[in-house]
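Hi,

Here is the structure I promised to pass on. Have a look at it first, then read my notes below.

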Amino acid sequence: ISEIKTLRKLSVESGTLTDIPDTIGDLVNVDCLNLYSNSIATIPDEIGKLTLLKKLFLYKNKIVSLPETLGNLINLETLCCNMNRLEEIPETIGNIKCLKKLDVSDNLLDYLPESIGNLKKLKKFNCNKNNLTHIP
């Protein structure tokens, strides 16, 4: 699939996918990536190469952390990574200035990064069902 340079939307949902190959970074024209309801545990750093990405759906997986390169997704408007096992969100999330919707509910988060305050276009933010003790 990484050879298809014209690919705009990739959906691999409600399956048994356990890994995302590093070659995901070759899909530079993808603007919507649906990988929800699988068994994915890790997100490769190469996801940060998808700078045209506007929508990223990772909910209902087994993801423990998101890579720092997530902050490279400067055109991202929607990030849904609820119902995972996230223990932290990278500080670089504050670099995603276009982010309008962020759902990190139903995870294992103890805190949120201070940089969330940089998300000035954020309209919907769901962080229910976590272990949060304060909001920055």
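**Cysteines first**

Cys98 is partly exposed, with a relative accessible area of 22%; that label covers anything between buried (under 20%) and exposed (over 50%), using a 1.4 Å probe and protein chains only. Before you go on: this is a predicted model, where local features need pLDDT of at least 70, side-chain atom pairs count only at pLDDT 80 or more, and totals for chains, interfaces and linings use all residues. Residues are numbered from 1 along each chain as its sequence is written, and side-chain values use heavy atoms, leaving out hydrogens and water.

How many disulfides are there? Zero, going by the cut-off of two cysteine sulfur atoms within 2.5 Å. Cys80 is in none, as the nearest cysteine sulfur, in Cys81, sits 7.6 Å away. Cys80 is also buried, at 4% relative accessible area. As for Cys98, its sulfur is 16 Å from the closest cysteine sulfur, in Cys32, so that is too far for a bond.

**Thr92**

Thr92 is buried too, at 18%. Its side chain reaches the backbone oxygen of Glu68 at 2.7 Å. Leaving aside residues up to four places away in sequence, Thr92 touches Glu68 and Gly71 (touching means heavy atoms within 4.5 Å).

Cheers

Technical notes. Polar contact = N/O pair within 3.5 Å; in protein donor to acceptor, adjacent residues only side chain to side chain.
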